[in-house]
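Me: I have a model open on my screen and would like to know how its labels were earned. Could you walk me through a few of them?

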Amino acid sequence: MTCNLYLGFSQIMTKSFTSEFPHVERYFWTLVNQPKIKKILGEVKQAVSLPPVPSKKPAAQPKETKPKAEPKKEAKKEVEKQAAKAEAAEEEEAPKPKPKNPLDLLPPSKMVLDDWKRLYSNTKTNFREVAIKGFWDMYDPEGYSLWFCDYKYNEENTVSFVTMNKVGGFLQRMDLARKYAFGKMLVIGANPPFKVKGLWLFRGQEIPQFVIDECYDMELYEWKKVDLSDAAQKERVNQMIEDCEPFEGEPLLDAKCFK
């Protein structure tokens, strides 16, 4: 089934078409990200547009015999014709300005996301005292927002490596938001079914619309904005950032970071 779907996804079935079949999408992307299948198919990318349909050329018409123009006038016309073509080509090839991401138009934030990602990556000891404290020192509640997410279909997570690959695929497809986001995804439980929970930091006060539109995984999760006035929710943020174990009374099977 995966091989049958492969040509469709890679050649003609664009996101706008396959988004109407979320269960088929989830099945396909989960399977093609399995190590043994990925070894054969390689990195699978979805078609972004339909291939052009070749048009049938009309049958060649017999050329009409035209009276020969005078050499000088004919040469002048040819020069003018080539100049007009070159001018038209320049107008067509003029690059159009790339539209800015709406998040780039937000007021500047005191939080520099790359500084936080660097602190997170470089902190090896005393994580709570160094990285967690540094996060709250940097955090800008006006320029960024924090979100919890919970997978809607945890009852399906009966195989550990499939569940971990599912989360890995989600993070791969979130690459379009790397400039504007940081995330932690936890796979929880000693025995199946495993629970998948996450914490995300996004630029702005809402989940970016382009992420919702382009990453189909978003609809597979329940999203809740973190209320930082609630001490319990703030502590839960701390625990998810530092991969605290046990988490909510259960062991961690896996913890992945998007940075």
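Me: How many disulfides does a search of the whole structure find?
Reply: Zero. A disulfide here is a pair of cysteine sulfur atoms within 2.5 Å. Keep in mind that this is a predicted model, where local features need pLDDT of at least 70, side-chain atom pairs count only at pLDDT 80 or more, and totals for chains, interfaces and linings use all residues. Residues are numbered from 1 along each chain as its sequence is written, and side-chain values use heavy atoms, leaving out hydrogens and water.

Me: Why does cysteine 149 count as buried?
Reply: Its relative accessibility is 1%, and buried means under 20% relative accessible area, with exposed over 50% and partly exposed in between (1.4 Å probe, protein chains only). Cysteine 149 therefore counts as buried. Cysteine 215 is also at 1%, so it counts as buried.

Me: What makes asparagine 126 exposed?
Reply: Asparagine 126 has a relative accessible area of 53%, so it is exposed. Its phi is near 50°, a positive value in a residue other than glycine.

Me: And why is glutamate 248 called partly exposed?
Reply: Its relative accessible area is 45%, so glutamate 248 is partly exposed. Glutamate 248 also has a positive phi of about 50°, although it is not a glycine.

Me: How do you know that the peptide bond from proline 192 to proline 193 is cis?
Reply: Omega is near 0° for that bond. Glutamate 245 and proline 246 are joined by a cis peptide bond too, with omega about 0°.
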